[in-house]
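Q: Could we go through this model together before any of it is used? Short answers will do.

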Amino acid sequence: MLKLAFQYMRYYKSQTFAIFSSILLTAALMSGISSLMYSSQKNDVENSRAVYGDWHYCIVSEPETVTDLDTDAAEAKAAQEETGTGFRLEQCAKAQMVGELTEPYQIRFLHVDDAYREMLHREIIEGREPEAADEIAADNYTLVNLGFRGDVGDTLKLGKDSYTLTGIVKSKWTSGADEMEIFVGDGFSGAKNSGQKIYLKFNEDKKLYKQLEEFQKEYRIPGDAVEANEGLTMHLGGERPDSIYEIVKFALTDERGNLTYVILKLQSDYNLTFYGMIVLLWMFSMFVIYSVFSISVSKRKAEYAMLQTLGISEEAIGGTLVLELWLLFLAGYPLGCLLGNGLLKVGYQRLRGVFTHKVIGGGKTAVSITDRIAAQGSADWANVSKESPALDNAAQGSAASGIFASSGFSVAWGVIFAGFAALFLALAAAGFLTVRAMRKYTLRETMMGEVSFFRGRRRVYSRRGANLANVVVRKFMFLNKRRAIGILLSLSVGSCIFLCTTYLVENLKVHAEMSLKSDDGLGSEYRMFVKSDSLADTIPASAVEEMKKIPGLSQMYATKYTLGELTIGKEQLAWETYFDEVNKDSYFAGHYGGICVDKGDETFGIRYGVYGYDAGMLNELSDFLLEGEIQVKALEEGNKVIAVANMDGQGNYDFYGIHPGDMVTVRVPKKQNCPPEVLKFDSEASDYVEKELEVAAIVSRPLAREDNFLCINGWEGSNTQSIIMTHQQMEENFGITDYSIVNAAPVSGADKEEISRRLLLAVGDVPKAVFRDYAAAIEAQKNYLGQQQLFFTGIAAVLLVISMFHIMNSMNYSILARRREYGIIRAMGITDGGFYRMILWTGILYGILADVLISFTYHLALRSVMDYYMTHVVQFLHLTAGIPAGVFAMVMVMNVVIAAAAVMIPARKIAAGDIAVEIGG
Amino acid sequence: MNILEFCHIEKVYGARENQVRALHDINLRIKEGEFAAIVGTSGSGKSTLLNLAGGLDTPTKGRILVKGREIGSLTRKELTIFRRRNIGFVFQNYSLMPVLNVYDNVALPVTFDRGRQVNHKYIEELLKELGIWEKRRKYPGELSGGQQQRVAIARALANRPAILLADEPTGNLDSATTIEVIGLLKASCRKYSQTILMVTHNEAIAQTCDRIIRIEDGQVLKRRTGNVRPESPAEEGGDRVC
């Protein structure tokens, strides 16, 4: 059998090469993309490790237990390494809060061990560890906030006490970087019992949640004492996943369950995108290989039938085919993997951000620590810049690249081996199925070759004046429907993927732009805002006027803000469970009595940000419109407002069932410098201004916003609950004249450093004002988008090349299989030109049919799937972009050109041949 | 008047040690209206001669004149059009288009001439003449061998060619059908004043033709004067001089 397989491979060289090439190309595509995705995921893990710390779980524990646990854990680690069962603790760190300051900021005093510094990336980067009672170390962020302008060794006054700064601690990456921490040594005499945490890092080769369970069991640690480092563990399977059966059962039986739930759940628990993509690529690979193989086999079916008449069994023929496939596979697959991974490794530096989920502009990235505290004035800012270049440069540099740490390119060996095994088995099945398919015909029929018995419509085409040559071609084309469908699919697949990726990228651009707008406010490079927990702290109108005079600014938007309460009926609250969870947040509970409070009169009071936008901003807000109309004049004349809808986890929007034209009740504190208790909205009615306002429009996101509900220490949430009106309405309704947020963008080519400096000067005297520079973030966003575009276009191009290879092969066979008939037609007197036209018509027809198929598939099915995916799974803001008409037309024309080119190659071969030979053959 | 002339035709296939001389110094004249049979053993060169006559192949040496025009001097396109208008082919294996019904198979060569209308009356007449009018909507796969060969003859006659070249037209047929097909060829030859050059293995069929041309080892055998079988009406042999 092996000898026979070799002989066939040698004899049918071109077909052997075609099968080999199809294996090589598809292996390159499948393994390459898998590795790229795998590398990006690994990169994500490394980034998360850098951003959120190199720990998996944190146990909040009593002090005595902490000491015991620490020791025991270390012992357990050693023990488990030997047995290889249960949990394997890689690292364990301890942090003890030994004091706290509330003024001028919330500052914690921490006593930590070396492991903590390593795991949470809080190493001393300058100076030494504090030791004595009056020694401390801190990061630049904290020092800047505290107005410290000295060096290591200088004295810093905190509250009533003075401390010597012994070292500078590396700053945090996270959004929680707003938290200010002071590190103390063993000699510090603070309250050592005020709270301790143990940070655990398990072995990542084993399931983390199982190790945690074992750990908890071992040390009898209750579940509520454990906090997960979700930023990191979400990539490593930190929680026990629901079984697929449970997920599907929930979707089918629970009224909240639906397809989106299943997809999102599979994504979070089973990495659906990664494995889904691999399965799709595998299917595509199998389709191409099988198709090319089928064509190769169909050329020699007669010979196999002949061999059977000589007594060779069906199994032996199947074995020969499988051996042939396997031999080619064993050679082609590793080479393909080498090719795909090699090429992508080279291009990885340009593409590594493609699958990375840390999109700059989300407000949860390193950008937040590029804040330049301006509260102390421009002179201080100048000092900060000089004294802590590492902080700013690192943040800016990382933000610009979009990646904080890179794990390099990693080969997805698991996928490569699994793909190898799956293709190996599938090829065996393909070989035997091919032989089985031959059973449809008798050996005589198979040996004769032409086994198709045409029985079409009885129409006489010549009586209708039809071009019979074209009729012949068309009928030949569809004589083998499977082959015709295969060619059409090949033509369509590449185009459909290209169209879908174009559609995705176009909407991604819109989404990215809109996200930037809504996250930092209008996609502006500069943002000035007040970092304060008091509504009384604002940016005066005079300061805004000063800023407007700065040359080189293309736009300047100022926003007024106050905290309000929206009252809604109990029956309108569909998200009670969600709000119950949020209400537990200690910050909300402490400051506002919760975010959604039952008023006891069948209504709920929900905390809302109330904003005053200027006309330019309201105009920009139109991009986010879900319902109604945004017209400045109408808003002011009718005292109408714009409401921001809530978005659920599946991308659905709702504003408590309220629509434009409906009325809402909004209460805000009467005085901006009100006592904190007033913000709980349960004080005397006279402390508030209550307004009944008509909703003019509902939008999906606000633009400029107060992110943290006045929480100056950072809050892991995103405050989009907003009621928006005009500046004038803010003044008339609530008497608010000053601003809380100012966004500005430079004109192209402007001196950004100079503008930064001038803006800082303008807000320099405003207490608690913060200047945030988004220039690097915007640049990173553009870079990221460019990478995505490049990648998707690249993938579409590779698929197109593979499809083209398949099309060429199929068309070549399809036409050359009819060379005798075409020879007869030529003998009957068709000219070369007529023959070419006739064949060209086949190609054009294929192209047109593929275009029709693509158009229908794209518009009727794929677009809906993409819309669903973008709306509910990746949750793009608005799907306003379509495929540019030029791109669509180009794809359509390209299909026809490719198909026409594919048919002309064998046509030229036939025309160059001898008619007598063609007929005789 | 000679409608077809072969002058010193040589045809060599292959090169060097693989060279095969298929035809050697063939000189032959076919008169208008003649029904000539080419007979010979397998590999003697009779099909090669037919292909050269139809312009499907080119001679290595020599000239071929069809209706007084040397086909070797024609361009590829001119030759194709000339062939289409003047020569009809009938092949042993019928060579019909399996995807066209009988009527369209017959009309097919006519449609190659741009601007030329299909003469449906003529096609109907042909089909009726050949006894396949009732089968006009059938596909080749639905017909017997004899019926398919009738369709092939009808197709060859569709352009009213001056010359009909038939390569073993009865090779796949039983004896009864063979007689029918030969009768049809002869009838059409008479009716449409056509010249037929037919390659056959069948001596009996050859004997029914006006003339027999015998080929052996790529050469036309000399006319066997004085040895004509009295029962055979056919004149044997080829012309020696062009």
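The conversation below goes from the model's conventions and confidence to its core, its sheets and a few single residues.

Q: What should be known about the model and its numbering?
A: This is a predicted model, in which local features need pLDDT of at least 70 and side-chain atom pairs count only at pLDDT 80 or more, while totals for chains, interfaces and linings use all residues. Residues are numbered from 1 along each chain as its sequence is written, and chains are lettered from A and ligands numbered from 1 in the order in which they are written.

Q: How many helices and strands are there in chain A?
A: Chain A has 30 helices and 24 strands. These elements are DSSP runs numbered from the N terminus, with helices being H or I of at least four residues and strands being E of at least two.

Q: And what is the average pLDDT of chain A?
A: The average is 79, and 85% of the residues score at least 70. Here pLDDT is the predictor's confidence in each residue, from 0 to 100.

Q: Which elements of chain A have the lowest and highest mean pLDDT?
A: Helix 13 (residues 378–387) of chain A has the lowest, 34, and strand 17 (residues 640–644) of chain A the highest, 92. Over residues 358–405 of chain A the pLDDT is below 50, although this stretch has 107 contacts in the model beyond near neighbours in sequence. A contact requires the C-beta atoms of two residues, placed from the backbone, to lie within 7 Å. Where pLDDT is low, the predicted coordinates should not be read in detail.

Q: What share of chain A is buried?
A: Buried residues are 44% of the 921 residues in chain A. A residue is buried if 20 or more other C-beta atoms lie within 10 Å of its own, exposed if 12 or fewer, and partly exposed in between, with C-beta atoms placed from the backbone.

Q: Which residues touch the most other members of the largest nonpolar core?
A: They are Ile38(B) and Leu197(B), in a core of 252 residues. The largest share of this core, 15 residues, comes from helix 18 (residues 481–521) of chain A. Apart from it lies another core of 38 residues, among them Trp55(A) and Ile107(A). Such a core is a set of buried Ala, Val, Leu, Ile, Met, Phe, Trp, Tyr and Cys residues joined through C-beta atoms within 7 Å.

Q: What does Ile38(B) touch?
A: Not counting residues up to four places away in sequence, its contacts include Lys46(B), Leu50(B), Leu197(B) and Ile215(B). Ile38(B) points the same way from strand 3 of chain B as Ala36(B) and Gly40(B), whereas Phe35(B), Ala37(B) and Val39(B) point the other way, and all are buried.

Q: Which strands pair with strand 3 of chain B?
A: Five bridges join strand 3 to strand 8 (residues 195–200) of chain B in parallel, and strand 3 pairs with strand 9 (residues 211–216) of chain B, also parallel, over five bridges. Two strands pair if DSSP finds at least two bridges between them. Val39(B) stands opposite Thr200(B) in strand 8, and Ala37(B) has Ile212(B) in strand 9 as its bridge partner.

Q: Why does Phe35(B) count as buried?
A: Phe35(B) counts as buried because it has 22 C-beta neighbours inside 10 Å. Its C-alpha atom is 6.1 Å from that of Leu197(B), 162 residues apart in sequence.

Q: Changing topic, what is the order of the open sheet in chain B?
A: Its four strands run in the order 2-1-4-5, with antiparallel pairing. Strand 2 (20–31) and strand 5 (69–70) of chain B stand at the edges, each with a single partner strand, so one side of each is left without a neighbour in the sheet. Strands 1 and 2 of chain B pair over eight bridges.

Q: Where does Tyr13(B) lie?
A: Tyr13(B) lies in strand 1 (residues 2–13) of chain B. Tyr13(B) is partly exposed because 13 other C-beta atoms lie within 10 Å.

Q: How many residues of chain B are in contact with chain A?
A: There are 29, in contact with 30 residues of chain A.

Q: What is the phi of Phe681(A)?
A: It is near 60 degrees, a positive value in a residue other than glycine. Phe681(A) lies in the loop between strand 20 (663–669) and strand 21 (688–699) of chain A.
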